[in-house]
Amino acid sequence: MTQTTDSTTEAGGDGREPDPTTTGRPSPPGADPTTRSRARRVRRVHRAWIVAAVTFVTIIGGAAFNSLPGLLIDPLHTEFGWSRGEIGLAVSIDMALYGLTAPFAAAMMDRFGIRRVVVVALGAVAAGALASVWMTASWQLMIYWGLLVGLGTGSMALAFSATVTNRWFVARRGLVTGILTAAGASGQLIFLPLCAWIVAEHGWRPASVTVALAALVVVPFVWLLLHDHPADAGLAPYGGAYTPKPAPARGAARRTLRVLFDAARTGPFWLLAGTFAICGASTNGLIRTHFVPSAHDHGMPITAAASLLAVIGVFDVIGTVFSGWLTDRFDARRLLAVYYALRGVSLLFLPMLMAPEVHPPMIFFIVFYGLDWVATVPPTLALCREQYGEDSAIVFGWVLASHQVGAAVVAFLGGVARDVFGSYDVVWYASGALCAMAALMALVIRRRREPSGAGGGAVAG
């Protein structure tokens, strides 16, 4: 009976947004109003925000490695004589596993708990980065960078954020999704200049050790503060009613594949996967891979082009958080359509902005593209949640895999186009057309129909 009272109070039984400053427990009889007010202030921060903060820091620690490969290609080529193709293959393995591991990681979190999976993932990243210090052959690079780090970072991909958000938040889900998505960009902002300085001053090995330490430092915070479920702390999720912790879901791999097969029989899955593949193609595969060499083709120094690329990360954080805020308030389909349409238009203008020097129109493009870079994540995740309910984190993991596949394809085809046509212009135009297609695809995603009389269910987009 007490538990029922707690959940009703936590949920805000009058239909209003619940007060996150309380735990739902009644005050003792005769308690002084000043004492009650002071107690409410003490409990003002809901545990969900602490869990979100730990998740943010964890993703930053895991993102440290993502800042490293581009800095180490030349040092590894110089020291070992490995071709850039061999080094690039290791990075490709990492990218592929990053995408393909995510849906299985979401199911593993349901089976073994968030905390255990994330600790093992951080250990894999640290082991791969640290072991690379002693490598002497390129096949070791494939194992350390490709296999270990790919599995580790994939287990802390956006499916991790989706799982935390789904369990700990009912209100403010879009905002929290945006904040956690921005953590990856924040990690690169922190570690990219740091690792670049270490490589320039002390060589690539200390930089690799730095990445390993960054992953290990986060482990104690995860183990002590990252609760698997609100019920573990006797709480309701933020903005929701208390629910008991479900039993561990067995057969994680089987469930992951079952969810894929079930989702693949629905139209919205293919539309979401297709739009997100174009998202990956037009960001990681296109701009992150080919912007610097394209600008250099037009006479811009590589250092200047790389600095512009780094600035994208600054506005990436702002755009993602703002997109999460918008997702809580507007139709996710229309947001996606606007994001992709504006991205496509900007890519059509990019060839005209390339010049030997950085000028205001190029700066405007960089700021705009940064704001739009991963703004697509919160509305995409919201649509997965609307369409697939409790399986949404796993479905989003598969949608994320399509993102990585799109990135890998364009990263390869962009280089081929440069070899064939002698410039990147056709790549920008083709990518702009793809973004226009993604905008149309987003608009035709249908709303999920709920059974009549249902009191809850999917979140309306």
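Contact here means heavy atoms within 4.5 Å. With that in hand, start with the whole chain on screen, and keep in mind that this is a predicted model. Among contacts with a separation of 6 or more, residues 24 or more positions apart account for 81%.

**The overview**

Colour by secondary structure first. You'll get 19 helices and zero strands. Now switch to colouring by accessibility: of the 461 residues in the protein, 51% are buried.

**Stop 1: helix 3 against helix 10**

Select residues 47-63, which is helix 3, and then residues 204-225 for helix 10. Two packed helices are described by the angle between their axes and the distance between the axes. For helix 3 and helix 10, the axes come within 9 Å and cross at roughly 160 degrees. That angle makes the two helices roughly antiparallel. Show side chains at the contact: helix 3 brings Val51, Val54, Val57, Thr58 and Gly61, while helix 10 answers with Ala214, Ala215, Val218, Phe221, Val222 and Leu225. Rotate the pair until one helix is in front of the other, and the crossing reads as left-handed.

**Stop 2: the start of helix 10**

Stay on helix 10 and pick arginine 205. Which side chain does arginine 205 meet in a salt bridge? Glutamate 79, with 2.7 Å from N to O. The glutamate is in helix 4 (residues 69-80), so you're looking at a link between distant parts of the chain, 126 residues apart. Neither end is hidden away: arginine 205 is partly exposed at 29% relative accessibility, and glutamate 79 is partly exposed too, at 40%.

**Stop 3: charges along helix 11**

Next, select helix 11, residues 252-264. Display arginine 258 and aspartate 262, which form a salt bridge with their closest N and O atoms 3.3 Å apart. Why do they sit about one helical turn from each other? Because they are four residues apart in helix 11. Aspartate 262 is partly exposed at 32% relative accessible area, and arginine 258 is partly exposed at 40%. Now add Arg265 to the selection: Arg258, Asp262 and Arg265 are linked in a network of salt bridges.

**Stop 4: a buried pair**

Jump to arginine 333 and glutamate 386. Their salt bridge has closest N and O atoms 2.4 Å apart. Arginine 333 is in helix 15 (residues 332-353) and glutamate 386 in helix 17 (residues 377-388), so this pair ties together parts 53 residues apart in sequence. Buried or exposed? Both arginine 333 and glutamate 386 are buried. If you'd like to hunt down the rest, a search of the whole structure finds six salt bridges.

**Stop 5: helix 12 against helix 19**

Select residues 267-282 (helix 12) and residues 425-443 (helix 19). Their axes are 9 Å apart and the packing angle is about 155 degrees, which means the two helices are roughly antiparallel. The crossing is left-handed. For the contact itself, show Trp270, Leu271, Gly274, Thr275, Ile278 and Ser282 on helix 12, then Leu434, Cys435, Ala438, Met441 and Ala442 on helix 19.

**Stop 6: two cysteines**

Keep helix 19 visible and zoom in on Cys435, together with cysteine 279. How far is the sulfur of cysteine 279 from the closest cysteine sulfur? The gap is 8.3 Å, to cysteine 435, and that is too far for a bond. Run the check from the other end and you land on the same pair: cysteine 279 holds the closest cysteine sulfur to that of cysteine 435. A disulfide needs the sulfur atoms within 2.5 Å, and by this rule the count comes to zero disulfides. Both cysteines are buried, cysteine 279 at 1% relative accessibility and cysteine 435 at 0%.

**Stop 7: arginine 343**

For the last selection, go to arginine 343 in helix 15. What is its relative accessible area? It is 0%, so arginine 343 counts as buried. Show its contacts, leaving out residues up to four places away in sequence. Cys279 and Cys435 from the previous stop are among them, and so are Ser282 and Thr283. The remaining partners to display are Phe368, Tyr369, Asp372, Trp373 and Thr376.

Methods
Residues numbered from 1 in each chain as written. Predicted model: local features only at pLDDT ≥ 70, side-chain atom pairs only at ≥ 80, totals over all residues. Heavy atoms only, no water. Buried < 20%, exposed > 50% of the residue type's maximum accessible area, 1.4 Å probe, protein only. Salt bridge = Lys/Arg side-chain N within 4 Å of Asp/Glu carboxyl O. Axes fitted to C-alpha atoms, helices over the stretch in contact; angles between N-to-C directions. Parallel < 35°, antiparallel > 145°, perpendicular 65-115°, else oblique. Left-handed = near helix turned anticlockwise from the far one by under 90°.
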